[in-house]
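Hello,

Here is the structure we spoke about. Please look through it first; my notes follow below.

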Amino acid sequence: MQNSPAPSPQRRLARLARQRFVEGMGAGMAELDKTVADFLGTLIAQTGTAREMQSRRDTWMLYQQLHAKWVSATTHAWQEALAPHASARPGLTSSAGSNNNLSFELLSDDVVENKIVASRMALTVAEQAGAQFDALRQRTQSLEGQEIDSNDILRPETICLLLVQQWVDAGLPRTDLLIVVDPLQRELANVLQKQYQAVNAFYVEQGVAVPSDLRSRVKRTVGGATGGGGGMGGDSGAGGLASQALAQSREAMAAGRQAAAGMYPQQMHPQHMQARMHQGQGYPMPPGGMGMGFATGMTPLIRARQRAQGVMGQLRRLLTQPATGFDMIKAPPASAALAHALSAQRVQADTYYSGIATLMEDYSPAAVVQLAGAVRERSTEFKNKASTAGEKAIIEVVALMFQSILAEDRIPPAVRVWFARLQVPVLRVALAEPEFFSNLDHPARQLIDRMGACVMGFDSTSINGSALEAEIRRVVQVIEQYPETGRRVFQLVYDEFEKFLSKFLTEKQATSRLVSVAQQVEQKETLAIQYTIELRTMLKDMPVRDEIREFLFKTWAEVLALSAVRDGAQHADTITLKRTAADLVWAASAKPNRSDRAQVIQNLPGLLQRLRQGLALMGIHDAPQDALIKTLTDTLADAFLSKTASIPQAHIDAMAKRLANLEDFINDATLGDMPLNADNIEMMLGIDASSIHVVADNGAPVDEGMVVWAQELKPGTWYTLDHNGSSAQVQYAWQSQRKQLHLFAAVDGSSYLIQLRRLAAYLQAGLLVAQDEEGITTRATRDALAKLDANPERLLG
């Protein structure tokens, strides 16, 4: 038998690098485990419905039982992937040699679902660790003389797929993985980036450099043709550098489009789709569909965020290409000339814009066009001051983003003028904080998105001179004049803007009154549910007649709640009504003793009077009130004749004491589905509520993910609401303290008060649609990339 030839020193070095990488990833599993455990621990501490809290606790407990198995199995799977035939593992297919051994089999739904989850994780992870992986890939490729396999353990998608597979194999539900996927993939990105850096450092120690031949970076097709123009690697001088930069720009753009298309294929022929499944490739779910039962709670908001992450990844690859050389980890200080120009702009901002005062006063679309031209000229001046390719690229990208924002017709011209003034502060923060180009939650992006979302429903006449315009003007001026524009100032004004919105959206007298009443309704209904639960607990072991139980649970709990909301839980009237519940239970127990019967006769008129007062508080009068009182008095008569069970006086005293301080024993954790009665709104307002549409929960089935989405809506955002066959443009104005009630204000002055689960049902059915789902900064970034794709020369020109 002939022995296989010994691997070359280069291949042994590459194998050692992989071994170091896998060992480092195995050690990093402890951090991943801790991240998931901490997240689930935080989750169970949050309040919610009883069902939600029980579900979170079940998830936490199951993870506590199985996490060690998952950690061990994942580490072992990564080690196994180092074996020569690792690609033969179920769920992994090798591209090398695939033409010689095509294996067609119908994959189970679990395998396909694992691939979908893993591909999504890999996309997010690659956004952060992509630059380090690219350097590692090129070094490894130079050692082995070929492109690394598509299922190589070095690839993020392989790491993610094995991690997901072992999660499911360990007995943990895939739905639980979707709950923790955000913090898990963030920490996984950190671990991967650290290990990529470590292996790259090891390669550097061994004298392995990134190949300088640009042709090695151009992806080759099956036929051997390259994606770039011929002779690119042989150019020299300024012309050659320009050609290289353009080629790399196109390559970076194409890579981004390929990644996005691979994650979210919009069109795929059924036969092609079936072939992908049979060959074990799987396919990701397109953004518009729920498909194959994947990811309960996959809301349009989540899909929009994933698409935005794809855009950010494309931008990141463009800016970190070798021709640009921008450091996304720690950007160098701006060059002296550019820094001076930016500082001068901050000092002279008001002077500069006062020079185009006519534009500021006009606010017409034509004026905005002129303003956009002036801003473009200022960007050109900055670009001429820049001394590095990275600075020029940043200036161009930011300029194109604001060009897109200024072209947004849904933003009133008066506000677009103030957005234009944010371009230079955003440029300053983009140069200093590369995170602006990779983090969707950067305060600068959040602020611009929030301001844009809040003004899209206004026209020029309704917003000019308004408090909202004044606040946006103040925000911009604060940012302009802040000495060091960065994350801190944007976070500061973002928080201030959110506080402003909470007041601005409810400052109208009618809206303020409605909000006040709605909050009281929620408090009353919440307390009623909590009082009922506590009364059931107190009476659980007491021999109380069903008539008394039903009255206390269904009626008197409502009385106590309403009194607590109106007057306070410790008000004398509320205390009296609480004591009445204990007195009623005592009066309804057997009275074999003469002294007890005498006390009942003495106390009965006062007890009945307090019962009638409580019922009147609830609006129960006349015949309905008499019917309830008769049921109670019949039960009291049976007790007088000792036809009911006896209750020890100690139990009655304990009940009275607990009722007096009942609020100390209840919390939001007991809150269930809250009923909402339209009549309560009008009764508590004391006015005609014909313009208030109360949309109560009707029991329609709704996905729990939609409920979570409904709780996360941002006040100020504009929506199109389809209610009872009529379409209305509404602004999300308010949510109650416990997020059970949500208020939308329409442009015609009407209001929609919607209960939580009904709101989720409207979102699920497409009856409530956001007018700006993805945010203007994401859209502006996509527009900028499209322009650079069509005209890459402008990036560094």
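**Notes on the structure**

The protein chain contains 29 helices and six strands (DSSP runs numbered from the N terminus, with helices being H or I of at least four residues and strands E of at least two). The model is predicted, so local features need pLDDT of at least 70 and side-chain atom pairs count only at pLDDT 80 or more, while totals for chains, interfaces and linings use all residues. Residues are numbered from 1 along each chain as its sequence is written, and side-chain values use heavy atoms, without hydrogens and water.

Of the 797 residues in the protein chain, 50% are buried (under 20% relative accessible area, with a 1.4 Å probe and protein chains only).

Arg 450 sits in helix H16, residues 443-455. With a relative accessible area of 6%, Arg 450 is buried. Its contacts (heavy atoms within 4.5 Å) include Tyr 494, Phe 497 and Lys 714, leaving out residues up to four places away in sequence. Lys 714 is 264 residues from Arg 450 in sequence, yet their C-alpha atoms are 8.5 Å apart. The side chains of Arg 450 and Glu 498 share a polar contact of 2.9 Å (a pair of N or O atoms within 3.5 Å, one able to donate a hydrogen and the other to accept it; residues adjacent in sequence count only if both atoms are side-chain atoms).

The largest nonpolar core has 69 residues, and Phe 419 and Phe 497 are among those touching the most other members (such a core is a set of buried Ala, Val, Leu, Ile, Met, Phe, Trp, Tyr and Cys residues joined through side-chain atoms within 4.5 Å). Helix H13, residues 389-406, gives the most to this core, with nine residues.

Regards
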